[in-house]
Amino acid sequence: MNRILTGALALLLLASPLAAPAQDSPAPAAATIALGDIEISGAFTRATLPNAPVGAGYLTITNKGTADDRLMSANSPVAGMTQIHEMKMEGDVMKMTELPDGLAIPAGGTVSLAPGGLHIMFMKLNQAFAEGTTIPVTLTFEKAGSVDIDLAVGPINADEPSHDMAGH
């Protein structure tokens with residue numbers, strides 16, 4: 001039963017987006033943000049249905065340094081709980097799990113958080129994610145520190161930030 005619920009939640013996550021009113025934040029959505037050797041780009045989320053309990057955030061992290069770093073946490077005022085997750089197939093069941101030790105960002109490497117794979121998981125949403133708005137998120141890295149970014153909210157089925165989201 002638990003495997004069925006995990007699979008159903010994964011499908012809901014893949015199909016649903018998050019809605020929130022536009023928020024002022026230091027880094028505009030879909031922009032490239034630099035934090036020391038770390039670059040963050042392509043930040044977006046999907047619109048959610050009203051009363052949806054969860055949503056996900058996606059972005060690309062590039063480590064231009066010579067030392068590994070680690071995304072330790074993500075936090076947002078739009079969710080009661082925010083975690084770093086991975087999704088993977090185990091047999092014919094999609095399984096989603098938290099990465100309690102964070103996400104390694106290798107020196108000279110790029111890690112993509114994208115639908116169907118690694119993602120930021122927003123749980124216990126206190127608002128829907130509305131298309132055309134942004135969601136504020138604070139990312140904390142082990143070495144680079146913390147940075148505030150905005151996730152552009154795209155359509156419920158967005159696979160990447162659209163060019164229309166770049167100005168948010």
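## Salt bridges in close-up

**Figure 1. Glutamate 86, with a relative accessibility of 23%, is partly exposed.** The view is taken from a predicted model. The side chain of glutamate 86 forms a salt bridge with that of lysine 88, with an N to O distance of 3.9 Å. Lysine 88 is likewise assigned to the partly exposed class, since its relative accessible area is 37% and the class runs between the 20% limit for buried and the 50% limit for exposed residues. For glutamate 86, the value of 23% lies above the 20% limit under which a residue would count as buried.

**Figure 2. A salt bridge joins the side chains of glutamate 39 and lysine 64.** The N to O distance in this pair is 3.7 Å. Glutamate 39 belongs to strand S2 (residues 38-46), whereas lysine 64 sits in the loop between strand S3 (54-63) and strand S4 (69-75); the salt bridge therefore ties together parts of the chain that are 25 residues apart in sequence. Glutamate 39 is partly exposed, at 27% relative accessibility. Lysine 64, at 55%, counts as exposed, because the cut-off for that class is over 50%.

**Figure 3. Arginine 46 and aspartate 159 form a salt bridge.** The closest N and O atoms of the two residues are 3.2 Å apart. Arginine 46 lies in strand S2 and aspartate 159 in the segment that comes after strand S11 (145-154), so this pair links parts that are 113 residues apart in sequence. The two partners fall on opposite sides of the accessibility limits: arginine 46 is buried, with a relative accessible area of 3%, while aspartate 159 is exposed, with 56%.

**Figure 4. The chain that carries these pairs contains 1 helix and 11 strands.** In sequence order, the elements follow the pattern α-β-β-β-β-β-β-β-β-β-β-β. The structure holds 3 salt bridges. Of the 168 residues in the chain, 45% count as buried. Among contacts between residues at least 6 apart in sequence, 74% join residues at least 24 apart. The accessible surface of the chain amounts to about 7,900 Å², and carbon and sulfur atoms account for 53% of that area.

Terms used: Residues numbered from 1 in each chain as written. Predicted model: local features only at pLDDT ≥ 70, side-chain atom pairs only at ≥ 80, totals over all residues. Heavy atoms only, no water. Salt bridge = Lys/Arg side-chain N within 4 Å of Asp/Glu carboxyl O. Helix = DSSP H or I, 4+ residues; strand = E, 2+ residues; numbered from the N terminus. Buried < 20%, exposed > 50% of the residue type's maximum accessible area, 1.4 Å probe, protein only. Contact = heavy atoms within 4.5 Å. Areas by Shrake-Rupley, 256 points an atom, 1.4 Å probe, with all protein chains shown as cover.
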